Amino acid sequence: AFAFLAHSMARLVLACLALFAASASAYQAPALRPVAARSAIAKRAPSAAPAAVRMAEYKWPASETLGIGKSVPSKMYALSSLVCLGIGLSCTAQSNIFNILSAESVNPALVLGSTLTLYSFFLHVACYVQMKNGK
């Protein structure tokens, strides 16, 4: 049994070395250009760059993308986002920071409350969409 294990281990080591060698060949240095070609590139005049590069105008999503929350004002989204963030951070601190987390000390209410931090992010995004749409 030991000889079989040693033979299998040798095959595994050989396969790992082959994979390492194959991956190392992917990081070869690029071929160098001849000196004459490099000097010809350097003598060429630079192309004219535009004086000012403007970003394309970004069109924010319509309020209808929020579904049933399309008529909710942005200030309500902001307030609810802050409330959810506060509750979520408080639950996270109580379950993970102030108490040592173990299998016996897990409080399902605090775990559920800590998910409100993620929910507050999406409320923040909804607030931003409504604010950009003037609501």
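**Exercise 1. Determine in what order the elements of the protein chain run from the N terminus on, and how many helices and strands the chain has.**

Solution. Reading this predicted model from the N terminus on, one finds that the elements of the protein chain run α-α-α-α-α. The count that goes with this order is 5 helices and 0 strands.

**Exercise 2. Characterise the protein chain by its buried share, its accessible surface and the sequence separation of its contacts.**

Solution. Begin with burial: 14% of the 135 residues of the protein chain count as buried. Next, take the accessible surface, which comes to about 11,300 Å², with 71% of this belonging to carbon and sulfur atoms. Finally, consider the contacts with a separation of 6 or more, of which 79% are accounted for by residues 24 or more positions apart.

**Exercise 3. Decide whether S81 is buried or exposed, and name the residues it touches.**

Solution. First place the residue: S81 lies in helix α3, which spans residues 74-97. Its relative accessible area is 10%, and because buried means under 20%, S81 is classed as buried. When residues up to four places away in sequence are not counted, S81 touches S120, L123 and H124.

**Exercise 4. Classify L17 as buried or exposed, and identify the nonpolar surface patch that it helps to make.**

Solution. L17 belongs to helix α1, covering residues 2-24. Its relative accessibility is 53%; since exposed means over 50%, L17 counts as exposed. Together with M9, L12 and V13, L17 makes a nonpolar surface patch of about 390 Å².

Technical notes
Residues numbered from 1 in each chain as written. Predicted model: local features only at pLDDT ≥ 70, side-chain atom pairs only at ≥ 80, totals over all residues. Heavy atoms only, no water. Helix = DSSP H or I, 4+ residues; strand = E, 2+ residues; numbered from the N terminus. Buried < 20%, exposed > 50% of the residue type's maximum accessible area, 1.4 Å probe, protein only. Contact = heavy atoms within 4.5 Å. Patch = residues over 30% accessible without salt bridge, like charges linked within 9 Å, V, L, I, M, F, W, Y side chains within 5 Å. Areas by Shrake-Rupley, 256 points an atom, 1.4 Å probe, with all protein chains shown as cover. Salt bridge = Lys/Arg side-chain N within 4 Å of Asp/Glu carboxyl O.
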